[in-house]
Amino acid sequence: MILVVGATGQLGGLIARMLLDQGKPVRILVRPASAYEPLVAAGARAVTGDLKDPDSLVAACQGVDAVVTTANSVSRGGEDTVASVDDAGNANLIEAAAAASVRHFVFTSALGADPEHLMPFLKAKGQTERRLRTSGMTWTVLQPNLYMDTWIPAVVGPALARQPVTLVGEGLRQHSMVAARDVASYAVTAIDHPEALGQTLFIGGAHPVTWRDVVCAFEAELGREIPVRTIEPGEPVPGLPEVVKPLLAALDTYDSPMDMTQLSAQYGVRPTTLLEFVHGFVTTSRQAAGWARGAPMRGRLQR
Ligand SMILES: NC(=O)c1ccc[n+]([C@@H]2O[C@H](COP(=O)([O-])OP(=O)(O)OC[C@H]3O[C@@H](n4cnc5c(N)ncnc54)[C@H](OP(=O)(O)O)[C@@H]3O)[C@@H](O)[C@H]2O)c1
């Protein structure tokens, strides 16, 4: 039995579906208010619980062979905070899994995680990695770069509704953005991959891309020029929440190119290219009801 924690989110949902498609027995930790029914209809067994409630995790981990967690507090809010979920909640889950003799624990961290990081979120990820490595369980840590699925719709999505794109800084920094489905493929393969045991996988996309490259890809897909305006770090970004501002500003201070040649061959993952992602995103958005108002495009970072 594989327990997926975070299955009602973007990456966790992809992982749960891939495992079900492979015919694996899947248990998902869910909270009553989340939309988990489609996964149950697809064959997953739901167990109610919360990372903030250690007792619920004891029950969820019983009889489990592997845990894969993608849960995090960023898009939730309320009582779900970095301290309660990404730090204490993950510690609760590791403790419950170790007590239940789980064989393999796959943790989704983030590129740059460090127990001494100044950003609380990356610090909590780093501290969780450290706890996991000393938990006694076999572990795999995923350190993905930025997800195309999260960031591209938020920043360049307005172009679909013929609105200008706003870039913080010049948008010339190179980042190896990765499609969430590629990260899901690494996670699913890692569960039974002998070379994944005790390893940290640094996961990026097919090629490093700049925000200017992303705009060009949209221009090619839409067949028209997209107006771009640049703003200084700290200025408000129209349509995006305050919490995103420092993150977008930070992206204009460093490059994060990654060469995925070796890891993608080792795990059999063909990295999704920028053009493939943009084509899929534009097609899906056009099909979705109400896309012209821009609603489905920026939703992920606005919850
Ligand atoms: N997006 C990126 O660019 C990026 C880059 C690198 C790494 N990552 C990492 O990738 C992972 C997946 O990201 P994502 O964007 O797919 O996440 P997401 O869509 O925001 O999903 C969050 C998940 O966490 C669950 N969750 C939150 N608080 C919980 C709690 N107290 N108890 C139980 N479950 C809880 C949510 O359940 P409910 O539905 O019940 O709220 C949901 O299933 C995260 O760990 C993230 O840090 C993301």
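Me: Which helices each supply at least two residues of the shell around the ligand?
Reply: Keep in mind that this is a predicted model. In it, 30 residues surround the ligand, and Gly-9, Gln-10, Leu-11, Ser-34 and Ala-71 are the closest. The helices that each supply at least two residues of this shell are H1 (10-21), H4 (82-99) and H6 (148-156).

Me: Nice! Which helix gives the most to that shell?
Reply: There are three helices to weigh up here: H1, H4 and H6 each supply at least two residues. The one that gives the most, with 3 residues, is H1.

Me: How many residues of the shell around the ligand are charged?
Reply: Let's sort the shell by class. It has 12 nonpolar residues and 13 polar ones. The number of charged residues is 5.

Me: Now the sheet: which strands stand at its edges?
Reply: Start with the order of the 7 strands in this open, parallel sheet, which is E3-E2-E1-E4-E5-E6-E8. A strand at the edge has a single partner strand, so one side of it is left without a neighbour in the sheet. The two edge strands are E3 (45-48) and E8 (199-203).

Me: Which residue of strand E2 stands opposite Val-5?
Reply: Strands of a sheet pair through backbone hydrogen bonds. Here, strand E1 (residues 2-5) pairs with strand E2 (residues 26-30) in the parallel sense over 4 bridges. Opposite Val-5, in E2, stands Leu-29.

Me: Why is H3 called oblique to H4?
Reply: Helix H3 (residues 54-61) packs against H4 with the axes 9 Å apart, at an angle of about 40 degrees. Angles under 35 degrees would count as roughly parallel, and 65 to 115 as roughly perpendicular. The angle between H3 and H4 fits neither range, so the word for it is oblique.

Me: How many residues in the contact of H3 with H4 are nonpolar?
Reply: On the H3 side, the contact is made by Pro-54, Leu-57, Val-58 and Cys-61. They meet Asn-92, Leu-93, Ala-96, Ala-97 and Ala-99 in H4. Sorted by class, there are no charged residues and 1 polar one, while the nonpolar count is 8.

Me: Is the crossing of H1 and H7 left-handed or right-handed?
Reply: The axes of H1 and helix H7 (residues 180-191) come within 9 Å and cross at roughly 50 degrees. That makes H1 oblique to H7. Among the residues in contact are Leu-11 and Leu-14 of H1 and Val-183 and Ala-184 of H7. As for its hand, the crossing is right-handed.

Definitions and conventions:
Residues are numbered from 1 along each chain as its sequence is written. This is a predicted model: local features need pLDDT of at least 70, side-chain atom pairs count only at pLDDT 80 or more; totals for chains, interfaces and linings use all residues. A residue is near a molecule or strand if its C-beta atom, placed from the backbone, lies within 6 Å of it. Ala, Val, Leu, Ile, Met, Phe, Trp, Tyr, Cys and Pro count as nonpolar, Asp, Glu, Lys and Arg as charged, and the others, Gly among them, as polar. Two strands pair if DSSP finds at least two bridges between them. Axes are lines fitted to C-alpha atoms, for helices over the stretch in contact, and angles run from 0 to 180 degrees between N-to-C directions. Angles under 35 degrees count as roughly parallel, over 145 as roughly antiparallel, 65 to 115 as roughly perpendicular and the rest as oblique. Two residues are in contact if their C-beta atoms, placed from the backbone, lie within 7 Å. A crossing is left-handed if the near helix is turned anticlockwise from the far one by less than a right angle, and right-handed if clockwise.
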